[in-house]
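Trainee: Could you take me through the disulfides of this predicted model, with a close look at where the paired cysteines sit and how they are covered?

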Amino acid sequence: MLSALSNEVYAQGVGPVDKCSDLKFNFPFPSTGVCLSGFAGTTGEKKYPDDFVDVNGNQVASFAEIYTCPVRQKRVILSNGLPDHDVSNSRSSSNVEPCTMNWAVEIPLNPVLSSRKLEVPPRGAIAFAVNGVPAFGPMESDSVNAVEPPENVSKGAEFWYGHVGGNSGWHVHAPGMSIKNSTELTETDHIGWSLDGFPIMGPVDDPDALLDECNGRSVNGNYQYHVRTHAQVDNNKDYCVDEASGSPVNQWNYILGCYSGSLSFTEVTDSSDYILDDDCVLEGTDTSAPTSSPVDSGNRPNIIIMQPDDLEFFDEWAAPPNPPDTAKRPSLPSFGLPNLEGLRISGVQMMQAYVASPKCGTSRFSTLTGKYPSRSAYNRQNAQSNYDANDTYKDIADVSIPTTKLYDVNGETYDCSVENMAATFQSNGYRTAHMGKWHLYPFKISTDEYFYEDAVNVVKSCGFDHVGALYVENLSDCLANAGTCNTFSDGTFSHNMEVLVKEAIEVINETSDKPFFMYFNPTVPHRTVALDDFTCLDTPGGTLDEEPKIDGMTFNSTTYTVITCADYRQSIKDRAGTDEDDWGSLWLDDSVGALLKALETAGKLDNTIFLFQTDHGMAAKSTLYEGGIRIPQFISYPAQIAAGLQFNAPVTNLDIAATMYDFAGITPDYVIDGKSWKTAIIDANEAVYWKNDRCIFFEMDKDRAVRCGCNKYLSITDKSISSTFKKGDGTSYASEGDNVFDLCGGTRDYVTGDSDSPEEDTVNLWNSSPDLRIHLMNVVRVLLLLRQYQKLLLPHRLYAKTRVLTSISKPKVMAQTCIKIALLNKKNDDRITKLCNKKDELRNACQLTCQVCGTKSPTVSPAPSVYTCQDSPTDKFYFKTNNTGKEVLKNCAWLRDNASDAKRERACKSTASAPVAGNPPASDVCAETCGSCPEVCADSSTFQFTLESNGSLQGCSWMTKNADPQTNQDRQDKYCVKQDVYENCPVTCGNPNCDIEWSNAPSVTPCNENGGDSAHVGGDRLRTCNNIGNDADIANFCAVTVDSSGGVPPAIEVCPITCNSCGLDVSSAPTEACNDSTTFEFIQESDGVTLLKCSWLTQNSNPDTNQSRQDKYCVKQDVYENCPVTCGNPNCDIEWSNAPSVTPCNENGSDTAHIGNDVTRSCNNIGNQSDADKATICAVTVDSSGSVAPAKEVCPVTCGECTP
């Protein structure tokens, strides 16, 4: 269904397209349908519908339906493109008859403003009117104004309601958008939709004052476009606002001046093949889903992403195992890092965090974009040129710092202006700021032509409102070679944490209704830290006039003392003692404390996400070994994340963008590779998937690695450039071309701490685990197919280049489907499950690449398919009847290789045969593709049931594996009567053809019940089966297994159908033990505070005291039911209401009770108080009035004491 967008001249053969910018996209035309007769070569009015006839004189009606599809958040326009009113045909020279067009258009249901404007095509489709007629750009084929052309140009397009084009399709250019009475339009009239999804309304009185450059404005928080009348557009101006500057704005803006939203989720396809989703509802009906406005600022969190340079992974932070042949990992400085440690324990610590690529620049690219570095603009631009179908790895992208800079390639990708967190947050109402090291600068600039402000502006162009203390690259080379380096430092400045923090605090302290996003990148502790050679006045932007005053660094707010920069820096040295290596980490720790203090002072700490991580590991920096890609990562967010959490599953820096967007309620305008862990950190079930079933990938040079659960595959492709090979060669590291490791050391948990490396050559599983090896290799190869051979024609629109993968039978289909799954995953689309369950091969190929599908354990080879049939190579199946009444027949090759996923799914679900031709449905003809082959009857290899003797879990084979045949028969007799066992173990249970239902099996007693039969449901209560089935408490009734009523069996036996207990051996159910609760607590009345347990009622040495206690408290229902033995109900068979010691709960409304402070009130009076006052009154437990008892005793009904 993805539309084939193109920057080329649109397909109808018009003249050259005048360009304003490269940000221009044309959508394709669909197929034509029925053509009208009598328009070509004529002029004058054409009446609708009388003159709208085909060559046979049959009237052809206009058709347009608009659907709301909430699951995929789409609005769908289906139309034949004909106007629904009279038209004026003034183009007598035209020999083209208008035809119906099979338009099917998907636009976003809830569009989002984009960070960049897009040019509307001069003559392509840009919008659709409410009557389904497309609106085109404002230029005629000879590059003149289409709405108000000169006199010597055909007048065919000047009318409000359109004309036929060279492609036979009717369309409009003018502001009325096919609304005949357009001169009467007002600004509140809805006349259509732009292809970016925003509505188009009638004209406003003063567009230059009210509208932006695209003809849009926000009304009540919702963005919308407004058309301009003839009089509001100067048709004598040039088409482009400023072609030289590459502006996307046109001045013939009758409908749109440009797009303000994204086209990433817009699809224009052919309705003859289009199938609506099941949830789509015709707009205007009661069940159509409302649209919502874009996310407003509300209470969205502030966000700080802090990523220091080359910080060690300290032992106390659960670092990965020691690299081979090395000493123990470093520990925290002797003085400690109190601020970082406080941050670590104040939220969640990611115990297995990774970077996608282990160098400064490559890591920062993935953090900021949420994309693999192989998907950078440079790599996408160059991936295709080296393609070789016979060499799987020839054109693998070289992931390095030079290839992962942040810049745009027009028509390919927009890493700088769109596809990163700063640009996304900025376009969604956030203030954005970058502090410190960039390392993503796209160009090398010599020191002779470098200016600080130029660098600042480049960084700002990537979505940042504020850029402070900018260090474009690393500093070390410049310090050693002052004036000759090419990393933008002349040697007059160095690391300066004081200025970096000062700039950040200024952003924090800004007064604004907008939240902020800050990317905070300290340059420390990278290599040497210059505390002596420079002062905090020396900055990349010049010399400061005065030293920064920062609470927690150069200022003490407690004593209100200013500390000089020199004295502060000396304090760092004093704390480090003799270990200069600790200078940088202590300086860094102080900056964390200063930022936290500033947030607290500003009242923003609770609503700020503070994420701290390093840029890569230091133990094996630049390599794909664990010591290079594992990092510490801590996240504090007091408003939503509890302190002291630990998440013991793999995460990657790619997940940061996805998670931050999730917390902020933002849908990004591009495809990201990460996954949000927002709910996983608090959802144990979701955490299991992250730990066992998710795969994450790693890239460096041309090497690739993947971790799936406990298993890791490392592929070293080109040893001549491999940083991983250079590190591992000559050491105990495994450094061959292909390597497989068990990171859990034979356990189920990742090995960390001071232990041997799991990546040594001696534990390489490459040769000993062939199944695992093949599985992981396939996962990585699909990654290569997805990442290396895709071309972004628009953000979000991916296609895979066909290539040969020997391990996958249909690589093109697999790759395209994996991409589809990735896009659906991005949008949380429930169609993922249907796609993933189609075939084992698809499931295995895409399972972990797309982080959606998969087997439960990546270490277990998937079970062989039980399907034995295949697609027909020649027969055709019935697909649909189109809107002209023609039956559409397709073959299996089309269904398998060319059909969209939605079409394939719908075709396979259909059971209809062709009404005329008689062709059968797809499920009959293409059984393999549709997964409709007959199943072989076999026992399940995964099903397990519980043994009644010891509670252990066993599979079907347990019933046949004993050496004694009689034992096996006994086992089958005992368990095959259970429905779940019988249905999952059919062969073992005597149903080898899977054709005998459980209810008809010879060994199973028929499961019947009589709706009028009475059953015991607990507490001497009896209910009929019909009554139980209609009661909300059915689960509790059916859970009763003990007959305490004196002869009537429990519901689970009497009502097996109602209780779903057919086949269960309920006769052997254990007897319920009757014991006092060990956890229940109740309040002591004498002080109203102390919590007591059941044992208190019997623990006094004086029996009379114990009896007194029981007499006092056992009359309370909660005490009686939770302390049954102590309260004289040793068999738990006497309900509280029937207990001898319980007096019926009554009160007299006129009785007077003590309510505190010597005040008395009647029960009736107390009952008429507000809930809050009544609760306060009934909480009084002490009689201080001298004689009147408190309310909870006198008025037990009013105070709710009867049934606490």
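Mentor: What follows is a walk through three of the disulfides, taken one pair after another. In this predicted model, the count comes to 15 disulfides when cysteine sulfur atoms within 2.5 Å are taken as a pair.

Let us begin with Cys710 and Cys744, whose sulfur atoms lie 2.0 Å apart. Cys710 sits in the loop between strand 35 (703-708) and strand 36 (711-715), while Cys744 is in the loop between strand 37 (738-742) and helix 15 (770-788), so that the pair links distant parts of the chain, 34 residues apart. The torsion about their S-S bond is about -85°, and the disulfide is therefore left-handed. Cys710 is buried because its relative accessible area, 17%, is under the 20% cut-off, and Cys744, with 1%, is buried as well.

The next pair is Cys956 and Cys985, joined by a disulfide with an S to S distance of 2.0 Å. Here Cys956 belongs to the loop between strand 41 (953-954) and helix 23 (965-975), and Cys985 to the loop between helix 24 (979-984) and strand 42 (1014-1016), 29 residues apart. Their link is left-handed, with -75° about the S-S bond. Cys956 is buried at a relative accessible area of 4%, and Cys985 is buried at 0%.

Finally, a disulfide joins Cys1094 to Cys1123, again with 2.0 Å from S to S. Cys1094 lies in the loop between strand 45 (1091-1092) and helix 28 (1103-1113), and Cys1123 in the loop between helix 29 (1117-1122) and strand 46 (1152-1156), so the pair ties together parts that are 29 residues apart in sequence. This link of Cys1094 and Cys1123 is left-handed, at -75°. Cys1094 counts as buried at 3% relative accessibility, and Cys1123 counts as buried at 0%.

Key. Residues numbered from 1 in each chain as written. Predicted model: local features only at pLDDT ≥ 70, side-chain atom pairs only at ≥ 80, totals over all residues. Heavy atoms only, no water. Helix = DSSP H or I, 4+ residues; strand = E, 2+ residues; numbered from the N terminus. Buried < 20%, exposed > 50% of the residue type's maximum accessible area, 1.4 Å probe, protein only.
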